[in-house]
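I opened the file to look up a few local features. The entries below follow the order in which I checked them.

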Amino acid sequence: MSHTVFIDGEAGTTGLQIRERLEGRKDLEILSIDPAKRKDADARAELLNSADAVILCLPDDASKEAVGLIQSNRVRVIDASTAYRTASGWTYGFAEMDQDQRAAIASSTRVSNPGCYPTGFIGLVRPLVAAELIPSDWPLTVNAVSGYTGGGKGLIAEFEAPTPPNRSDAFRIYGLPLQHKHIGEMQVHGGLDHAPLFAPAVGRYAQGMIVEVPLQLWALPAKPRPAELREALAKAYAGEAFVDVASADECAALQKARAGAAGYNADLDPEALNGTNRMKLYVFGNEERHQARLVAVLDNLGKGASGAAVQNLNIMLGLPEATGL
């Protein structure tokens, strides 16, 4: 039996990638709105209420408006905005973050798709908080760099236009007011008592990201060794198809300098998993200094957006989870 799916906002970056992943599937029928009626509330409401599943790829306010137009209790909704990621009555769509999360997604009619940065942060931190290797009240810092597609149409247009003669920035930090919209979901779904200090950046490349959490192991109450952190992550994601934990040997090999004495490492590439729904986690440590760096690599438009949405759609519709991924 074919399921009908309506992507509200299919012309945007995430919507286009979701549609591309769904096209050609025989188990789904994609419903589309007449481009001339995209802002017609009645036309949108008809599709929003007639589809088996709706994926909202809209700004927060527009997503809230779309949800308000849905009157049918049978329609399953996946929202890719930040509007409902910590909202009551909505299930967080990170299937791997907890042993019961898949079942919660499968039984829900309202699922919020995770943000790209939070996917990396939560993927690294939540299992370590659950294992009591990191206290829930610990002051954490997260540093990250994403491709410019994460910044929306404005930033995409700017970065894809010819670079002005007096500007050659390859890397920009942002979020300087320390109020980034992803911080709340990092705290809530990371299992933390306090908001982490988030230091995001954007690079002059299209997509792919690295998320990093540095740890002073000597200061943590449990005094964990780097190997314990890696083992806890490996246990948490054992058997998962889309979240991999690098082996101790792989992490050790990557820690060796690959570009002379400076130790710049070309093998840890933010673009390495582009076009996939995968995320790979690493633990790098220094036993003498009792320090560690937790690192996640993922595609901000894949596991960080469209891939996760398709994964959630499959789970909600009772289809094989990896279909189309």
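I began with strand pairing and found that strand β7 (residues 141–147) runs parallel to β9, with seven bridges between them. For one position in this pairing, I noted Val142 opposite Phe198 in β9. The model is predicted, and I read every entry here with that in mind.

I then looked for another partner of β9. β8 pairs with β9 in the antiparallel sense, over three bridges. Here Arg172 stands opposite Val202 of β9.

Next I asked how many residues of strand β9 are buried. The count is five of the seven in residues 197–203, so I logged β9 as largely enclosed by the rest of the structure.

I went back to β8, which spans residues 171–173 and includes Ile173. Is Ile173 buried or exposed? Its relative accessibility is 56%, and the cut-off for exposed is over 50%, so Ile173 counts as exposed. I also found Ile173 in a nonpolar surface patch of about 350 Å², made with Phe171 and Leu176.

The last element I looked up was helix α2, residues 41–50. I listed its buried residues as Ala43, Arg44, Ala45, Leu47, Leu48 and Asn49. What do the buried residues of α2 pack against? I found three strands, β1 (3–8), β2 (28–31) and β3 (53–56), and the helix α3 (60–69).

I closed with the start of α2. There a side-chain oxygen of Asp40 comes within 2.9 Å of the backbone nitrogen of Asp42.

Definitions and conventions. Residues numbered from 1 in each chain as written. Predicted model: local features only at pLDDT ≥ 70, side-chain atom pairs only at ≥ 80, totals over all residues. Heavy atoms only, no water. Patch = residues over 30% accessible without salt bridge, like charges linked within 9 Å, V, L, I, M, F, W, Y side chains within 5 Å. Areas by Shrake-Rupley, 256 points an atom, 1.4 Å probe, with all protein chains shown as cover. Salt bridge = Lys/Arg side-chain N within 4 Å of Asp/Glu carboxyl O. Helix = DSSP H or I, 4+ residues; strand = E, 2+ residues; numbered from the N terminus. Buried < 20%, exposed > 50% of the residue type's maximum accessible area, 1.4 Å probe, protein only. Contact = heavy atoms within 4.5 Å. Polar contact = N/O pair within 3.5 Å; in protein donor to acceptor, adjacent residues only side chain to side chain. Pairing = 2+ DSSP bridges.
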